[in-house]
Every structure is written in C-alpha cells, then in structure tokens.
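This report goes through selected local features of one protein chain. The sequence and the coordinates come first, and the notes follow.

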Amino acid sequence: MSEKIAFKAEVAKVLNIVIHSLYSNKEIFLRELISNGSDACDKLRYAQLMHPELKGGAFRLTITPDKKAGTLTITDNGIGMNKQDLIDHLGTIARSGSAEFLKSLSGDKQKDMDIIGQFGVGFYASFMVADNVVVRTHKAGEENGWLWESTGTGEFTISEDKEAPCGTSVILHLKKEE
C-alpha cells in the first residue's frame, strides 16, 4: 500500500526554480546523481567500520539507459535509505533551509552555482529531464526496502518494496524531448 505525502512548504517554488532557471546545462542532473551515489557508498564504507555486520563489498555505481522504456537508471550499492530518510531527504528540498535557499539566490547563475551544494537541491535537477522519478532503495542493516515516486508537482508516494536490493536506484522516466 502506498502513502501519498505532500512536499514541504516551499518545495514547489524551489522545484520550479531548479527545473527552469537554476542550472544552465541540463546535464548537471547526472553529475548530481553520481555524486549522491558516491556519497552513499562512502557512508556505507564508514558505517562498516563501526558495524562490520553491514554487508557491502566492491562499491560501484552503474548507469543504465533503456531507450525502449525511455528511462535512465543510476544505481549505487551504498548505504541506501529507509522510509524516514526518504521523507527527510527527498520530501524536503533544501533540508538545510528552503526559505534560506530562496533568499540566497542572486539571479546570477554563476554565483548561484556556488551555493547549490549547501542546500541539497541537486537531486531535483532530475526533473529537468524526467517527468517521473522513481527511487528504489534499501538501507543497509534494515529489513524493508522502499519505493519513492514523484512527478515533481507537489507530492510524492512511498510504499514498501520487498524486492529492492541494498543501495539506491534512481529511475528517471525521461521527457519525450530528452
């Protein structure tokens, strides 16, 4: 059973800015997703130092295009996320402060690029090229996997995903023009 959850207050406004004006090059979405996957692998590597029972071997990131399905999938075998992580990190844009992010934008794309990493908006660059984003994830050491899905228009759904392998897969359903 899936649960529908509305994005937090300023999310629609931030999404509109990210999708239509913040980035000059659409390809930036790929760098952002690769960076997130790399960070997830690092987090699992460090977690294993304290909890050797956590599984993980050769860390990797894969990018899989499927022209027929019109999708691009970025998969890592890092730490993964649980339901609360999905709500906290993908349900709240600019977790360190949406309002502060909006106030800090200068209108100068070059200057604005310098603040992006400070506010966690990179994942949402995906909506520049995708009209639907699906995240399948399973946090290391936890029993359940999860599926997060959104069209970037004000809400997202979360449901249990018993088939999700440890790590995270971001599946972009690309817009026809992309």
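Helix 3 spans residues 83-90, and its buried residues include Asp-85, Leu-86, Ile-87 and Leu-90. The model is a predicted one. At the N-terminal end of helix 3, Asn-82 acts as a cap. The cap rests on a side-chain oxygen of Asn-82 that lies 3.2 Å from the backbone nitrogen of Gln-84.

A second contact between a side chain and the backbone involves Asp-66. This residue belongs to strand 2, which covers residues 61-66. A polar atom of the Asp-66 side chain lies 3.0 Å from the backbone nitrogen of Ala-69. Asp-66 is partly exposed, because its relative accessibility of 34% falls between the 20% limit for buried and the 50% limit for exposed. Asp-66 also has a neighbour that is remote in sequence: His-173 is 107 residues away along the chain, yet the two C-alpha atoms are separated by 9.8 Å.

On the surface, Ile-34, Leu-61 and Ile-63 make up a nonpolar patch. Together the three residues have about 200 Å² of accessible area. Ile-34 comes from helix 2, which runs over residues 28-50. With a relative accessible area of 31%, Ile-34 is partly exposed; a patch takes residues with over 30%, so Ile-34 passes that cut-off.

The relative accessible areas given for individual residues are collected below.

| Residue | Relative accessible area | Class |
|---|---|---|
| Ile-34 | 31% | partly exposed |
| Cys-41 | 5% | buried |
| Asp-66 | 34% | partly exposed |
| Cys-166 | 43% | partly exposed |

Two of the rows concern cysteines. Cys-41 is buried at 5%, whereas Cys-166 is partly exposed at 43%. How many disulfides does the structure contain? The count is zero, because a disulfide calls for a pair of cysteine sulfur atoms within 2.5 Å.

The aromatic residues are the last topic. The structure holds four aromatic pairs. One of them joins Tyr-124 and Phe-127, whose ring centres are 6.3 Å apart and whose planes meet at 15°. Why is this pair described as stacked? The angle of 15° is under the 30 degrees that set the limit for stacking, so the pair falls in that class. Tyr-124 and Phe-127 are both buried. They also belong to one aromatic cluster, together with Phe-123, Trp-148 and Phe-156.

Conventions: Residues are numbered from 1 along each chain as its sequence is written. This is a predicted model: local features need pLDDT of at least 70, side-chain atom pairs count only at pLDDT 80 or more; totals for chains, interfaces and linings use all residues. Side-chain values use heavy atoms; hydrogens and water are left out. Patches are made of residues with over 30% relative accessible area and no salt bridge: like charges are joined within 9 Å, nonpolar side chains (Val, Leu, Ile, Met, Phe, Trp, Tyr) within 5 Å. Accessible areas come from the Shrake-Rupley method with a 1.4 Å probe; for residues, only the protein chains shown count as cover. A salt bridge is a side-chain nitrogen of Lys or Arg within 4 Å of a carboxyl oxygen of Asp or Glu. Helices (H or I, at least four residues) and strands (E, at least two) are DSSP runs, numbered from the N terminus. Buried means under 20% relative accessible area, exposed over 50%, partly exposed in between (1.4 Å probe, protein chains only). Rings of Phe, Tyr and Trp (its six-membered ring) pair if their centres lie within 6.5 Å; planes under 30 degrees apart count as stacked, over 60 as edge-to-face and the rest as tilted. A polar contact is a pair of N or O atoms within 3.5 Å; within protein, one must be able to donate a hydrogen and the other to accept it, and residues adjacent in sequence count only if both atoms are side-chain atoms.
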